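This report is for a reader meeting the structure for the first time. Please look over the sequence and the model before reading on.

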Amino acid sequence: MKYKIFLLYTLVTFNIQADVHFASNYTNSIFLEPPLPILPINLEIHVTLTPFFDWKTVGGPGTQYELQVAFLTDVFFQFPVIDIDGIIDSSYQLTMQNVLMSFTSYRWRVRAKSGHESSEYSPVFIFITFK
């Protein structure tokens, strides 16, 4: 019976040490809020084939962003048509090299990155292009 009590005490002690270690790492890390999308606004129609994307700035100097655009049917962004990483501003203009299709429904999201930290993705906004 004493052996079982000792074993239980050892497991509890280990779990407490692991939790303290995790908490100290978490408090020393930078927590990035997800950016908030601004343009194109949610459910906007008649968006150009090279839209201007804009979102609320988060983090401090050195924060970069990843922009993803996918077809409306690609709910989990498994096959994004646009995936641009390393954007240094809180906006991005698509160019003629990454033109979207006419009369097509898309969804977009963005996330912040700073060093080894990444925020969650922003809320997803939907828009429809025109010609």
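What follows describes the nonpolar core, its aromatic residues and one loop residue.

## Basis of the model

This is a predicted model, in which local features need pLDDT of at least 70 and side-chain atom pairs count only at pLDDT 80 or more, while totals for chains, interfaces and linings use all residues. Residues are numbered from 1 along each chain as its sequence is written, and side-chain values use heavy atoms, leaving out hydrogens and water.

## The nonpolar core

The largest nonpolar core (buried Ala, Val, Leu, Ile, Met, Phe, Trp, Tyr and Cys residues joined through side-chain atoms within 4.5 Å) has 19 residues, of which Phe-53, Trp-55, Val-69, Trp-108 and Phe-127 touch the most other members. Among the strands (DSSP runs of E, at least two residues, numbered from the N terminus), S7 gives the most to this core, with four residues.

## Aromatic pairs

The whole structure holds seven aromatic pairs, counted when ring centres of Phe, Tyr or Trp (its six-membered ring) lie within 6.5 Å, with planes under 30 degrees apart called stacked, over 60 edge-to-face and the rest tilted. Phe-53 and Trp-108 pair edge-to-face, 5.1 Å centre to centre and with 65 degrees between the planes, and this pair links strand S3 to strand S7 across 55 residues of the chain. Both residues of that pair, Phe-53 and Trp-108, are buried (under 20% relative accessible area, against over 50% for exposed and in between for partly exposed, with a 1.4 Å probe and protein chains only).

## A loop residue

Phe-103 lies in the loop between strands S6 and S7 and is exposed, because its relative accessible area is 63%. Leaving aside residues up to four places away in sequence, Phe-103 touches Thr-129, Phe-130 and Lys-131, a contact being heavy atoms within 4.5 Å.
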